[in-house]
Amino acid sequence: MSLFKARDWWSTILGEKEEFDQGCLCVADVDNSGSGQDKIIVGSYMGYLRIFNPHPVKPGDGVQPEDLLLEVQLREPVLQVEVGKFVSGTEGLHLAVLHCRKLCVYAVSGTLGNVEHGNQYQIKLIYEHNLQRTACNMTYGPFGGVKGRDLICIQSMDGMLMMFEQESYAFGRFLPGFLLPGPLAYSSRTDSFITVSSCRQVESYKYQVLAFATDADERQETEQQKHSSGKRVVVDWVLNIGEQALDICIVSFNQTVSSVFVLGERNFFCLKDNGQIRFMKKLDYSPSCFIPYCSVKEGTINTLIANHSKMLNIYQDVMLKWATQLPHVPVAVKVANLQDLKGVIVTLSDDGHLQCSYLGTDPSLFQAPRVDSREINYEEFDAEMKQLQKFIKEATKTQDILPKSEKDRDVTVTAEVSPDLDAESQAIDSEVKAEAVPSVTIKITIQSRVTAQKPILAVCVQAPLAVTCDQFFLDDLEPDSSETMVMSVFLKGNCSPSELEGNCVLSYNTSTELNPEGIPKVAQCNFRLPLRLICFPAQPSKAANHKLTIDTNKPPISFVTIFPDFVEPSEGDQANVLGFQFLTGSKTTLLASKTSQRYRIQSDQLEDLWLITKELTLRLEEHFKKQNCKDFACTFSGSIPLQEYFELIDRHFELRLNAEKFRELLSERAVQFRAIERRLLTRFKDKTPAPLQHLDTLLEGTFREV
């Protein structure tokens with residue numbers, strides 16, 4: 001425990017139930033303002049991109065509306081954000097956003113605001129690359145010694161380095177002996193890419209070697225390169241560190257020396273350009289992220305290392321100089337210049353706690369007031385008191401201190417899910433093989449207190465669930481008006497969804513005197529679908545391959561109380577076992593212990609445990625909340641079934657790989673059949689029309705089957 005805590009300069013919580021990781025944070029002057037002040041760019045796995053420019057009135061202030069310059073939803077998970085010279089013909093900074101299967105480069109610009117909401121910021125897509133392989137991370141720099149621009153290198157999950165020369169794709173090379181992706185960094189001094197392989201060794205690859213190596217667009221070609229005459233991808237140098245690495249940073253605070261910093265699971269390494277160890281530090285904690293940030297003394301480098309104990313340690317080479325306490329466990333840390341304050345520490349946790357802090361202590365600014373010995377004028381005090389009481393009395397006459405337009409939302413959206421399933425199912429084009437696919441009706445009501453222009457309502461549910469109509473384009477809403485839309489939700493794909501929550505988002509414009517075209521706004525709400533939508537009561541199973549036990553701190557509750565939609569009331573309090581039959585065909589059993597405070601969920605398929613487990617915990621929490629019980633808790637003390645989980649992932653990818661190979665085989669056979677047909681038609685043209693016509697009909701039928 002540190003004696004000092006990091007001084008909170010500015011902080012905020014991003015979104016709700018969003019997830020963040022190492023590459024989701026970046027600081028730079030992304031809008032090219034030229035002021036020397038950085039902006040904070042944050043992406044999330046939910047697809048949100050946010051840009052902040054903090055301006056706290058005093059240290060410790062929370063986020064103000066004007067601090068958020070931009071917030072957009074990109075609809076795809078954001079793996080990494082970087083800022084560099086990514087557009088040809090200009091040396092301005094642009095924003096690169098890496099998705100799983102796409103790389104997008106945006107221009108961020110701001111215009112002076114002429115409305116009450118201040119300056120306006122927007123992003124414009126300059127170009128994008130659709131990736132043939134699933135991305136893991138990326139790095140950038142002046143590959144090959146180019147001047148005035150940055151190229152991008154993306155590492156795929158199967159070990160391919162994909163090079164992009166700004167708007168065009170250059171080439172791709174597989175790393176030899178690859179198993180799992182690791183951190184990736186680029187050294188401009190040596191023109192090399194440095195990573196840590198699954199062999200637990202640091203490896204360096206020259207850009208020129210990768211550029212002139214034999215082209216490898218398929219993984220199998222890396223083995224063929226060993227027997228070909230082309231150049232193979234050869235590692236420049238290797239250093240065995242004996243552990244996995246969390247991150248790599250390459251810094252050069254002068255023109256003659258650059259260092260490669262590697263943060264391992266238990267050690268911290270500093271390497272020279274040629275892979276020799278400059279120094280290393282054994283850590284007595286589990287680190288989470290780090291960043292080398294400056295050189296305050298000739299020949300030394302300062303480094304920030306955060307750990308899972310919510311501590312931030314500052315090292316000068318291997319010597320600990322300062323330790324401070326953080327309010328969260330950061331997964332990413334940066335150093336930025338914000339509002340003329342240099343060296344602000346920016347940290348981001350995995351659940352979206354973004355904080356700007358500084359080190360040290362705040363000086364005490366309290367000074368003892370000077371004693372005033374003059375006599376008190378009671379008449380003046382009495383007159384002032386009467387005046388204040390008059391102000392208070394006038395203020396309390398009005399119940400609403402603020403205008404309603406400020407107190408209440410302009411537009412509200414509410415969703416009401418029908419308690420019963422539809423008498424006549426509205427499911428269409430469902431792939432479920434069950435005899436009947438149920439549906440449930442949702443009624444969405446929009447209430448507007450102002451004029452809402454161009455309203456568009458979007459209804460989103462988790463696939464494979466589907467909505468009969470997921471988007472509505474409405475006429476302008478008049479003040480004090482309401483609109484109601486009705487749709488149904490059903491299971492479309494032949495598999496179970498990961499959750500039963502959905503949400504409604506209404507986008508609209510409201511006009512002002514300075515902006516009659518309207519200011520874009522959003523209103524949204526969430527809803528929860530019934531469990532009966534994807535399963536129905538069934539006979540419980542006594543045996544199962546996978547079991548999960550949930551411990552609670554309260555006596556077990558009868559299933560008649562918490563699952564009335566699955567248990568008949570005639571069963572009474574004796575209902576301590578329940579069976580769920582999914583529409584996809586699998587079955588899950590839920591048991592409540594009679595002697596202990598435990599519940600067991602069991603099924604023959606591991607993936608079927610999740611929904612019933614989540615539904616059980618939600619219903620238990622709702623039950624005890626109604627009982628005004630605030631200390632109810634659910635815990636899991638067993639071992640996490642990682643082996644079964646990994647086997648499930650392996651089977652999924654094996655099926656996917658077999659399907660891709662089958663499609664490739666069918667495509668090859670189709671090409672061969674077409675070639676045979678052309679040869680036969682050319683050879684026997686105008687000689688035997690009837691057999692040729694029969695052959696052509698046969699081949700066309702074969703192609704249709706393919």
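Let's begin at a loop: Asp351 sits between strands β28 (341-349) and β29 (353-358). This is a predicted model, and on its surface Asp351 joins Glu19, Asp21 and Asp350 in a patch of negative charge.

From there we can turn to the charged pairs, since the structure holds 20 salt bridges. One of them pairs the side chains of Lys102 and Glu76, at 3.4 Å from N to O. Lys102 belongs to strand β9 (residues 102-111), while Glu76 lies in the loop between β6 (68-73) and β7 (80-84), so the bridge ties together parts that are 26 residues apart in sequence. How much of each partner is accessible? Lys102 has a relative accessibility of 18% and falls under the 20% cut-off, so Lys102 counts as buried. Glu76, with a relative accessible area of 26%, is partly exposed.

A second bridge stays within one helix. Asp382 and Lys386 meet through their side chains at 3.7 Å, N to O. Both are in helix α3 (residues 378-397), and because they are 4 residues apart, about one helical turn separates them. The general geometry is familiar: an α-helix has 3.6 residues a turn, so residues three or four places apart point the same way. Here Asp382 is partly exposed, with a relative accessible area of 42%, and Lys386 is exposed at 54%.

A third bridge takes us to helix α6. Glu499 pairs with Lys614, with 3.9 Å between the closest N and O atoms. This pair links distant parts of the chain, 115 residues apart: Glu499 is in the loop between β35 (481-491) and β36 (501-510), and Lys614 is in α6. Glu499 is partly exposed, its relative accessible area being 27%.

Helix α6 itself deserves a pause. Spanning residues 609-626, α6 has 18 residues and reaches 26 Å from its first C-alpha to its last, close to the 26 Å expected at 1.5 Å a residue. Which of its residues are buried? Among them are Leu609, Leu611, Ile612, Leu616, Leu620 and Phe624, together with the charged residues Glu615 and Arg619. Glu615 and Arg619 also take part in a network of salt bridges that links them with Arg528, Asp565 and Glu622. Just after the helix, Asn628 adopts a positive phi of about 60°.

Further along the chain, our last stop is a nonpolar surface patch of about 510 Å², made by Phe636, Ile640, Leu642, Tyr645 and Phe646. Phe646 is part of helix α7 (residues 642-683) and is partly exposed, with a relative accessible area of 43%.

Conventions
Residues are numbered from 1 along each chain as its sequence is written. This is a predicted model: local features need pLDDT of at least 70, side-chain atom pairs count only at pLDDT 80 or more; totals for chains, interfaces and linings use all residues. Side-chain values use heavy atoms; hydrogens and water are left out. Patches are made of residues with over 30% relative accessible area and no salt bridge: like charges are joined within 9 Å, nonpolar side chains (Val, Leu, Ile, Met, Phe, Trp, Tyr) within 5 Å. Accessible areas come from the Shrake-Rupley method with a 1.4 Å probe; for residues, only the protein chains shown count as cover. A salt bridge is a side-chain nitrogen of Lys or Arg within 4 Å of a carboxyl oxygen of Asp or Glu. Helices (H or I, at least four residues) and strands (E, at least two) are DSSP runs, numbered from the N terminus. Buried means under 20% relative accessible area, exposed over 50%, partly exposed in between (1.4 Å probe, protein chains only). Lys and Arg count as positive and Asp and Glu as negative; His and the chain ends are not counted. The place of a charge is taken as NZ of Lys, CZ of Arg, CG of Asp or CD of Glu. The expected span of a helix is 1.5 Å times one less than its number of residues.
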